[in-house]
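Subject: A structure for you to explore

Hello! Here is the structure I promised to pass on to you. Have a look at it first, and then read my notes below.

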Amino acid sequence: MLRWFLQSIIAPALALIASICVGMLFLWVTGYPVFTTFQAIIQQSFQDWYGFGQVLHTTTLLTFTGLAVAVAFHAGLFNIGAEGQLYIGAMALGIVGYYLSKLPKEVVMQVPSLLAIVGLCLVAMLAAGVYALIPGVLKVLTGAHEVITTIMMNFIALAWINYLLRYDPNSFAVPATVRTPAFPQAFRLPKLSTVWPVFQGSIVNCSLFIAVGAAVIVWAFLRFTKTGFELRAVGKNSLAARLAGIAPGRLTILAMFVSGALAGLVGVAFVLGHKGYFEEGFSAGLGFLGIAVALLAYNHPIGVLFTAFLFGVLNYGKVAAAGEIPMDIINILEATMIFSIVIVNRLMSNFLQQLAKRRLAASG
């Protein structure tokens, strides 16, 4: 109970306080206004429903990438490839949208909306999951470290998509653009404003509920299923897991597939929920930011929801702060705060390990 309290409550709180203090110190040292900058960030996010809706949309995207990274962490893997995997998932939807645009509308509209949306979600998850399998298989078969392979897979994904949109003779893009044809309106996720008009104008959509559901499902999978227990056992100590009869290789591949599939849901939120089509360059580092989200949440799936919201506030609020200080300084501020979170988390992990050793020694 004490460990859970320290790890789930105290550690994230300390990391948050430390990141704010370090951020304020950075602004003070560089000569920019400290309190007005943070005040602008908060006001931008909460002064009206539109701003709050924008924050919720960013929260949705970061929940998917945070969960993707967290699942891999639980299996002892460091998936830095969420950025490439989410692009693959989104591009898969874009390709489906391209071929749908070639069919007669009468044929397309005969497909029930709900069935089409579910099918498209599976397409994005399957494409991103299979793409994430490659580093997992390489790790099992050759021992190639997933950090290296997932980084390289990011570059490959971005370059491949760039080719498909710009240079492929049969480009999937609408002529003179870097986006694919739009999906029929019936195949898109509804905006929240259709249910709650206060969100009118905001891009937040029903993928928010998918994100909440995904967090709960991942938590239940890790906490209550045999496979989830084995996956966590491999992450804690693969040698001990192997001696207990668990096959680490199988779980490594499974963890990478699930991780990639969760990252692919970002494509669902963007393509089906926001734009209605795939557009090159839409992510702007969401996959990498998911690493910080997962770390601050200590890889707890439900905690990812809350830390994603926190980063959503910071990410959207910095638009307002741009009126106070240059955007480059804001980006450095954000990176500085993320660094401080990682450091505090590392120190807390070391403290908890030492605490566990002392309690074990005291018990004889």
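A good place to begin is Phe278, which counts as buried because its relative accessibility is 0%. Please keep in mind that this is a predicted model.

Phe278 takes part in an edge-to-face aromatic pair with Phe282, with 5.9 Å from centre to centre and 85° between the planes. Phe282 is buried too, at a relative accessible area of 13%. In total, the structure holds 14 aromatic pairs. Another of them joins Tyr87 and Phe278, again edge-to-face, with 6.4 Å between the centres and 75° between the planes. Tyr87 belongs to helix α4 (residues 82–100), while Phe278 is in the loop between α11 and α12, so this pair ties together parts that are 191 residues apart in sequence. Like its partner, Tyr87 is buried, with a relative accessible area of 5%.

Tyr277 is worth a look as well: the charged end of Arg179 sits over its ring, 4.1 Å from the centre.

Now for the charges. How many salt bridges does the structure hold? There are three. Side chains of opposite charge can pair when their charged atoms come close.

- Glu280 and Arg166 meet through their side chains at 2.8 Å, N to O. This pair links distant parts of the chain, 114 residues apart: Glu280 is in the loop between α11 (248–275) and α12 (286–296), and Arg166 is in helix α7 (residues 146–166). Glu280 is partly exposed at 23% relative accessible area, and Arg166 is partly exposed at 46%.
- Arg250 bridges to Glu230, with the closest N and O atoms 3.2 Å apart. Since Arg250 lies in helix α11 and Glu230 in helix α9 (residues 226–236), the pair ties together parts that are 20 residues apart in sequence. Arg250 is partly exposed at 45%, whereas Glu230 is buried at 12%.
- Glu146 bridges to Lys139, and their closest N and O atoms are 3.0 Å apart. Is Glu146 buried or exposed? With 3% relative accessibility, Glu146 counts as buried, while Lys139 is partly exposed at 26%.

Finally, turn to the surface. Trp49, Val195, Trp196, Val198 and Phe209 make a nonpolar patch of about 530 Å². Val198 sits in the loop between α7 and α8 (207–224) and is partly exposed, with a relative accessible area of 43%. Trp49 also appears in an aromatic cluster, together with Phe46, Phe52, Phe199 and Phe309.

Enjoy exploring!

How values were computed
Residues numbered from 1 in each chain as written. Predicted model: local features only at pLDDT ≥ 70, side-chain atom pairs only at ≥ 80, totals over all residues. Heavy atoms only, no water. Salt bridge = Lys/Arg side-chain N within 4 Å of Asp/Glu carboxyl O. Buried < 20%, exposed > 50% of the residue type's maximum accessible area, 1.4 Å probe, protein only. Helix = DSSP H or I, 4+ residues; strand = E, 2+ residues; numbered from the N terminus. Patch = residues over 30% accessible without salt bridge, like charges linked within 9 Å, V, L, I, M, F, W, Y side chains within 5 Å. Areas by Shrake-Rupley, 256 points an atom, 1.4 Å probe, with all protein chains shown as cover. Phe/Tyr/Trp six-rings, centres within 6.5 Å; stacked < 30°, edge-to-face > 60°. Lys NZ or Arg CZ within 6 Å of the ring centre and 35° of its normal.
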